[in-house]
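I am opening a notebook on a structure that is new to me, and I want to look up its parts one after another. The sequence and the model come before my entries.

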Amino acid sequence: MTAQPEAARLEVVGLGHRFGGNLVLDDLSLRVGAGELVALIGPNGAGKSSCFAAIGGQLRPDRGRILLDGADITALAPERRARAGLARCFQTGSVFASMSARENVQTALSAAHGSFWRPWRPAADCAVAEAGALLDELGIADLAGRAAGSLPPPAIRRLEIAVALAARPRLLLLDEPTAGLASADRAGLAALIRRLARPGGMAVLFVEHDFDMVAAIADQVVVLDRGARLAAGTPGEVRADPAVRAAYFGEAANRIDGR
Ligand SMILES: Nc1ncnc2c1ncn2[C@@H]1O[C@H](COP(=O)(O)OP(=O)(O)O)[C@@H](O)[C@H]1O
Ligand SMILES: [Mg+2]
């Protein structure tokens, strides 16, 4: 008897969406296995963020289905998806600038634990050790007492991920997590993202422009072009794909969007 293949953590099937007359998601299907690190790449305007919004529940697609650990979440509100194990990291506005880094994570932890987590106690008293462990995991434990608004951009990016992880998601969505960072900081964050996805554990789907970075860390790559899936596979398979080569690896170097 052959073993059943492990169910996909995330399964996106035939996603379609139009904004006015503009087709932004065109019969898009993709899957993310448990513990996998999957990169979504494609030129600006390809529909990557729209795809994330559909998965996160901020955008209700015209057609298609989204399954998380086999359960259909297509019609669920974002907060119900969060309870089902999904976390989407927003680039701005997800941390409270005047709170310390630790308080930000404590607040997220108390929200995630809900009413079971002694709700009458102020966030400042809750989950100090758990918040410390998360900040440590994200490599910013030394900044725990600093106001979030005073942190340098790379640390804020890590804090945003720590806040997202407070809910202990099974799937984490990161839309361009390294955008705007200097190259040393990008490399550090890439290594961290690689460690977040663990065999049998949390899966990560992320958007990134630099194909070399994607190739260095991702298990699978999905290439999006005008809302449709142009190619999918391991970084090596995608790099060798004739359609990808024709579209993106002309004379322009490693940036998949040709910038
Ligand atoms: N809320 C919206 N209303 C109308 N058009 C939108 C909206 N959001 C995105 N679009 C359009 O959808 C297309 C895909 O955008 P987006 O998903 O942001 O692409 P990407 O993240 O790959 O750059 C673009 O043409 C963009 O202008
Ligand atoms: Mg985008």
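What follows are my entries, from the whole chain down to single residues.

**Entry 1, the whole protein.** I began by noting that this is a predicted model, and everything I write below is about that prediction. I counted the secondary structure of the protein and arrived at nine helices and 10 strands. I then looked up burial, and found that buried residues make up 41% of the 259 residues in the protein. For contacts with a separation of 6 or more, I noted that residues 24 or more positions apart account for 64% of them.

**Entry 2, the core.** Which residues have the most contacts inside the largest nonpolar core? I found that this core has 72 residues, and that the ones with the most contacts inside it are V105, A162, L171, V204 and L205. Helix 5, residues 153-165, gives the largest share of the core, with eight residues. I also looked up where the core lies: domain 1 (1-85 + 169-259) and domain 2 (96-168) both give residues to it, so the core lies between the two domains.

**Entry 3, strand 8.** From the core I went on to strand 8, residues 203-207, which I found mostly covered, since five of its five residues are buried. I checked the directions of the side chains and saw that A203, L205 and V207 point one way from strand 8, whereas V204 and F206 point the other way, and all are buried. For L205 I listed the residues it touches, not counting those up to four places away in sequence, and these are L10, V32, V38, L40, L171 and L173.

Next I looked up the partners of strand 8. Strand 3, residues 37-41, is joined to strand 8 by four bridges, and the two run parallel; within this pairing, L40 has V207 as its bridge partner. Strand 7, residues 171-175, also pairs with strand 8 in the parallel sense, over five bridges, and here L173 stands opposite L205. Following the chain from strand 7 to strand 8, I passed through helix 6 (residues 183-196), and I noted that this β-α-β crossover is right-handed.

**Entry 4, L135.** I wanted to place a residue of helix 4 (residues 128-137), and I chose L135. Is L135 buried or exposed? It counts as buried, because I find 22 C-beta neighbours inside 10 Å, where the cut-off for a buried residue is 20 or more. Leaving aside neighbours within four places in sequence, L135 is in contact with A101, R102, V105, I140, A141, A144 and A162. I also noted that L135 and R158 are 23 residues apart in sequence and 8.4 Å apart in space, C-alpha to C-alpha.

**Entry 5, ligand 1 and helix 1.** Which residues surround ligand 1? I listed F19, N22, V24, G42, N44, G45, A46, G47, K48, S49 and S50. Strand 2 (22-33) and helix 1 (48-56) each supply at least two residues of this shell, and the largest share, three residues, comes from helix 1. Helix 1 itself is mostly covered, with eight of its nine residues buried, and K48, S50, C51, F52, A53, A54, I55 and G56 are the buried ones. Just after helix 1, I saw that G57 takes a positive phi of about 100°.

**Entry 6, the antiparallel sheet.** I traced an open sheet of four strands, which has the order 2-1-4-5 with antiparallel pairing. Strand 2 and strand 5 (71-72) stand at its edges, each with a single partner strand, so one side of each is left without a neighbour in the sheet. Strand 4, residues 63-68, is joined to strand 5 by two bridges, and L67 stands opposite D72 in strand 5.

**Entry 7, two positive phi values.** Most residues other than glycine have a negative phi, and with that in mind I looked up two residues. Phi of E176 is near 50°, a positive value in a residue other than glycine, and E176 sits in the loop between strand 7 and helix 6. E176 counts as partly exposed, because 15 other C-beta atoms lie within 10 Å. R226 also has a positive phi, near 50°, and lies in the loop between strand 9 (220-225) and strand 10 (228-233). With 15 other C-beta atoms within 10 Å, R226 is partly exposed.

Terms used: Residues are numbered from 1 along each chain as its sequence is written. Chains are lettered from A and ligands numbered from 1 in the order in which they are written. This is a predicted model: local features need pLDDT of at least 70, side-chain atom pairs count only at pLDDT 80 or more; totals for chains, interfaces and linings use all residues. A nonpolar core is a set of buried Ala, Val, Leu, Ile, Met, Phe, Trp, Tyr and Cys residues joined through C-beta atoms within 7 Å. A residue is buried if 20 or more other C-beta atoms lie within 10 Å of its own, exposed if 12 or fewer, and partly exposed in between; C-beta atoms are placed from the backbone. Domain bounds come from an automatic or database domain assignment. Two residues are in contact if their C-beta atoms, placed from the backbone, lie within 7 Å. Two strands pair if DSSP finds at least two bridges between them. A crossover is right-handed if, with the strands pointing away from the viewer, the path from the first strand over the helix to the second runs clockwise. A residue is near a molecule or strand if its C-beta atom, placed from the backbone, lies within 6 Å of it.
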